Amino acid sequence: MEPAPARSPRPQQDPARPQEPTMPPPETPSEGRQPSPSPSPTERAPASEEEFQFLRCQQCQAEAKCPKLLPCLHTLCSGCLEASGMQCPICQAPWPLGADTPALDNVFFESLQRRLSVYRQIVDAQAVCTRCKESADFWCFECEQLLCAKCFEAHQWFLKHEARPLAELRNQSVREFLDGTRKTNNIFCSNPNHRTPTLTSIYCRGCSKPLCCSCALLDSSHSELKCDISAEIQQRQEELDAMTQALQEQDSAFGAVHAQMHAAVGQLGRARAETEELIRERVRQVVAHVRAQERELLEAVDARYQRDYEEMASRLGRLDAVLQRIRTGSALVQRMKCYASDQEVLDMHGFLRQALCRLRQEEPQSLQAAVRTDGFDEFKVRLQDLSSCITQGKDAAVSKKASPEAASTPRDPIDVDLLPPPAHALTGPAQSSTH
C-alpha cells in the first residue's frame, strides 16, 4: 500500500513554545515562528544545544527519561513525576479530579530524543551498524536502523526500504534530518493478532484506531465511520491549530492583566521606597530636633550650675574667712595664756576684746547657703515633655483607631508634634529658692 503524500510543512512549528511557562516571557520569542523550510546545507545546528533544551525535564533540567506530559502541559521525567505528589511541581496545578492517569507518555519527545541521538552519532562519525556493530554507512528511514554496507545489501534484498548514505546525511542540518525522519504516515494496524505489523491508511473513528484493509472489512458496525488516516490526522491538527488560535486571544487577555499586575507590583515597590525614605527623613528630623534639645538642655543645666556655683563659692569664701578668724583668735588667746606676760595681756586685752566681740556677732545662720539641687527639676520636666512629645505617637495611633472621627481626619503618620520647650524654661533659670 502506497503511503499518502506528506503533509504541509506548516505544522513543523517548534513545539517547545506552548510548553514554556508564561512568566517570565520567553527569552527567544521568535523561536516558535521559524518556518519549516530547511536552512542551507552549510548551516548545521547542534542537535542537543539550546534549540532542543525543551526536551529536558522542566523540573530538574536533566535529560528526560520516559518523559510524561501532565494535564497542565508541563513535561517531567518519571523521577520528578513520582516525587511531585498530586500537583505539578512547576505551576502547582492539581491533577484533574477523576483522571485515571495524571500524565501521558510524551511519545513525541521520546521519538525526537531518539532521532536526535541518531543524528549526533551520524555527525560525530560514531555510528555503528545496529545489527553487526560494524561502522555504519547507511540509515534506513523505515526501520530506523543504522546499517553497514554488507547488512545494507541484505536489508535491501528483502525489504527494499528507503535508505540513504550517512555521508549524504552528514551534509544535512538537524532540521533537515528531523524533517526527513518524521514518518508522517507510517502507521500500523492496531490489531494485536497480526503476526507482523501491517501498514495502513484507514482510520476508524468509531473504534478510534487505525485498521488495515482486512480489519476494516471485518468491522461492519463502523463502516460509515471509516476514513483516510491522513484526513483524520489533518483534521486533528487543524482542530489543535484552531484551539491554539483561540488561546492566542486568551493569551492577549492574560498578558494585559499580567502587565497590569507587573505595573501594580512596581507601584507597590515605589510606594514602599518612598515611605521608607520619608520615614528615614522624618526620623533624621526628629533625631536632629532631639539633639538640639539635648544641647539646649545641657547648656541651660551648665548655666544654672555655674550661677549657683559662683553664689555658693562666694558664701563659702565668707564662711572660710570667719572660720579662719575664729580659729586664729582662739589660737592667739591660748598662746597668750601660755606665753604672754602680765604687761602684754594688759596692753592687748582691749584690742582683742573688741575683735572677739565683733567675731561673736557673726552668725552662721545668715551665711549658710541652702544647698539645694531641686533647681534642676525644671530641666527634668522639660526632658519629660520632650520624651512624651516623641512617644505620644503610639497613644495617638491607638486613639485614632478607637475614634472614627480621628480616623477620618487625614494626618501624616510620620509627623510628630515637636512642641517647643515651656516659655519659662527659655527665659533663664527659675528665680527660686536661693534668695
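## A helix across a small set of strands

Contact is taken here to mean heavy atoms within 4.5 Å. In this predicted model, helix α7, which spans residues 229-339, lies across β9, β10 and β11, and runs at about 80° to β11.

The strands beneath this description form an open sheet of 3 strands in the order β10-β9-β11, with antiparallel pairing. Because β10 (209-211) and β11 (226-228) stand at the edges and each has a single partner strand, one side of each is left without a neighbour in the sheet. Averaged over the sheet and with direction ignored, neighbouring strands are turned by 40° against each other. Strand β9, made up of residues 202-204, is joined to β10 by 3 bridges, the two strands running antiparallel, and within this pairing I202 stands opposite L211 in β10. As a general point, strands of a sheet pair through backbone hydrogen bonds, in either a parallel or an antiparallel manner.

## Salt bridges

Side chains of opposite charge can pair when their charged atoms come close. A search of the whole structure finds 12 salt bridges, and one of them is formed by the side chains of R205 and E232, with an N to O distance of 2.6 Å. This pair links distant parts of the chain, since R205 is in the loop between β9 and β10 whereas E232 is in helix α7, 27 residues apart. The two partners also fall into separate accessibility classes: R205 is partly exposed, with a relative accessible area of 40%, while E232, at 7% relative accessibility, counts as buried because the buried class covers values under 20%. R205 and E232 also belong, together with R236, to a network of salt bridges.

Further pairs can be described in a similar way. R307 forms a salt bridge with D308, in which the closest N and O atoms are 2.8 Å apart; R307 is partly exposed, with a relative accessible area of 31%, and D308 counts as buried at 13% relative accessibility. The side chains of E311 and R315 likewise meet in a salt bridge, at 3.2 Å from N to O. Both E311 and R315 lie in helix α7, where they are 4 residues apart, or about one turn of the helix, and R315 is partly exposed, its relative accessible area being 25%.

## A nonpolar surface patch

On the surface, W157, F158 and L159 form a nonpolar patch that together has about 430 Å² of accessible area. Of these residues, F158 has its place in helix α3, which covers residues 149-158, and F158 counts as exposed at 69% relative accessibility, because the exposed class covers values over 50%.

## Positive phi angles

Most residues other than glycine have a negative phi, and against that background Q61 and K133 deserve individual description. Phi of Q61 is near 60°, a positive value in a residue other than glycine. Q61 is found in the segment before β1 (68-69) and is partly exposed, with a relative accessible area of 47%.

K133, although not a glycine, has a positive phi of about 65°. K133 lies in the loop between α2 (107-123) and β4 (138-140), and this residue is exposed, with a relative accessible area of 58%.

Notes. Residues numbered from 1 in each chain as written. Predicted model: local features only at pLDDT ≥ 70, side-chain atom pairs only at ≥ 80, totals over all residues. Heavy atoms only, no water. Pairing = 2+ DSSP bridges. Axes fitted to C-alpha atoms, helices over the stretch in contact; angles between N-to-C directions. Patch = residues over 30% accessible without salt bridge, like charges linked within 9 Å, V, L, I, M, F, W, Y side chains within 5 Å. Areas by Shrake-Rupley, 256 points an atom, 1.4 Å probe, with all protein chains shown as cover. Salt bridge = Lys/Arg side-chain N within 4 Å of Asp/Glu carboxyl O. Buried < 20%, exposed > 50% of the residue type's maximum accessible area, 1.4 Å probe, protein only.
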